[in-house]
Amino acid sequence: MRKQFLFIFLALIVANTSQAQGKTTRIGYIDMEYILENVSDYKEAKSQLEQKAQKWKQEVEAKKLNINTLKESLKTEKALLTKELIEERETEIKFLEQEMMDYQQKQFGSDGNLMRQKAALAKPVQDQVFTAVQDIAEAKNYDFIFDKSSDLTMLFSNKRFDISDQVLRVLNRSEKREQLTKKQLKDQEAKENLENAIDENPAMADRQKALDEKKAAREKLIQDRKLEQEAKRKEYEDRRNALAAEREAKKNGTVSGTAKTTTETQTGTEAAKTSTTAKPAATGTEQTPTAEPTMTKAEERQMLYEQRKKELEEKRKKILEEREAAKKAKEAETQKTNTTNN
């Protein structure tokens with residue numbers, strides 16, 4: 001009930017302010033939880049606090065296990081104990097239970113160590129957020145800025161009124177400025193001006209997003225091509241070295257197994273020629289096996305030319321496919337924009 005009254009009260013203030021000033025009221029909101037989760041210092045300190053809380057939980061569980069063990073022991077030995085010993089053990093168990101509950105309340109209670117340390121951890125960041133919100137409100141003429149994660153119930157919130165990312169940028173800028181040179185500061189200011197312009201113009205933000213996506217796709221394509229060229233260059237070098245080694249081996253009268261295997265893999269016709277040459281041995285006249293024919297420079301150049309021609313054809317085909325895909329994506333984006341405007 002209190003939240004609803006507060007929301008209605010704020011709505012009336014907005015309406016009266018709009019009528020009195022005769023202008024459009026600018027309203028924005030932030031999500032404090034989202035901002036805190038994206039501040040590196042807060043995340044690191046929160047992780048350490050969670051480790052500490054986990055240690056407290058383990059201590060509580062150990063106390064519970066000890067108490068349960070004492071209870072089971074008393075239950076088992078109760079028939080053998082005197083009344084005084086039973087009462088003494090029951091008193092000890094009650095004392096340990098109360099001690100465990102006090103420790104649990106001390107660490108995890110509403111005013112326990114965990115809650116107090118969480119508040120102390122968040123306060124410096126919250127102070128910076130409040131300062132950043134005031135700066136943004138004054139610079140961009142906001143009339144009201146709410147906190148989505150507070151007690152105020154927001155029945156509906158349009159994402160375009162969310163300035164949480166703007167606040168995060170302000171916080172990050174403050175950290176970076178201390179480490180930048182004059183030239184870097186100038187570049188940073190230009191970047192900040194562009195970001196502010198994008199914040200003020202949603203259409204510009206969409207265009208910038210499309211440009212960033214195209215730039216990322218182009219950089220990925222360039223990187224893929226570089227890797228592909230590097231792989232082909234290495235393959236060509238290996239093939240050339242293998243051919244050179246084979247020629248040197250034949251020149252010396254010996255053929256290495258590796259070079260022979262490479263040659264047979266690259267040109268299937270040589271294997272057929274070799275088998276054809278070996279057939280006359282069955283006629284009864286022994287013939288000395290002839291050496292495998294050596295690939296001439298002209299044949300090598302022709303083979304490299306054919307390979308290069310094939311590579312260029314595949315590359316051209318790939319480029320055409322990419323252009324066609326980009327064209328279809330652009331048409332779909334244009335159609336989406338027209339549908340939204342209509």
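In which helix is arginine 239 found? Before selecting that residue, bear in mind that the model on your screen is predicted, and then look for helix H8, residues 202-251, where arginine 239 is located.

**Stop one: arginine 239.** Display the side chain of arginine 239 together with that of glutamine 307, and you will find a polar contact between the two side chains at 2.9 Å. Arginine 239 has a relative accessibility of 12%, and because buried means under 20%, this arginine counts as buried.

**Stop two: the whole protein.** Zoom out and colour by secondary structure, which shows 11 helices and two strands, arranged from the N terminus in the order α-β-α-α-α-α-β-α-α-α-α-α-α. If you switch on a surface, its accessible area comes to about 26,100 Å², with 54% of that belonging to carbon and sulfur atoms; of the 342 residues in the protein, 20% count as buried. Among contacts in the protein with a separation of 6 or more, 72% are made by residues 24 or more positions apart.

**Stop three: helix H3.** Select residues 40-77, the 38 residues of helix H3, and compare the distance between the end C-alpha atoms with expectation: at 1.5 Å a residue the helix should span 56 Å, and its ends are indeed 56 Å apart, so the two values agree. Within H3, show the side chains of the buried residues Tyr42, Leu49, Ala53, Trp56, Val60, Ile67 and Leu74.

**Stop four: what covers H3.** Keeping those buried residues of H3 on display, add helix H2 (32-37), helix H4 (83-108) and helix H5 (113-140), which are among the elements that cover them.

How values were computed
Residues are numbered from 1 along each chain as its sequence is written. This is a predicted model: local features need pLDDT of at least 70, side-chain atom pairs count only at pLDDT 80 or more; totals for chains, interfaces and linings use all residues. Side-chain values use heavy atoms; hydrogens and water are left out. Helices (H or I, at least four residues) and strands (E, at least two) are DSSP runs, numbered from the N terminus. Buried means under 20% relative accessible area, exposed over 50%, partly exposed in between (1.4 Å probe, protein chains only). Contact means heavy atoms within 4.5 Å. Accessible areas come from the Shrake-Rupley method with a 1.4 Å probe; for residues, only the protein chains shown count as cover. The expected span of a helix is 1.5 Å times one less than its number of residues. A polar contact is a pair of N or O atoms within 3.5 Å; within protein, one must be able to donate a hydrogen and the other to accept it, and residues adjacent in sequence count only if both atoms are side-chain atoms.
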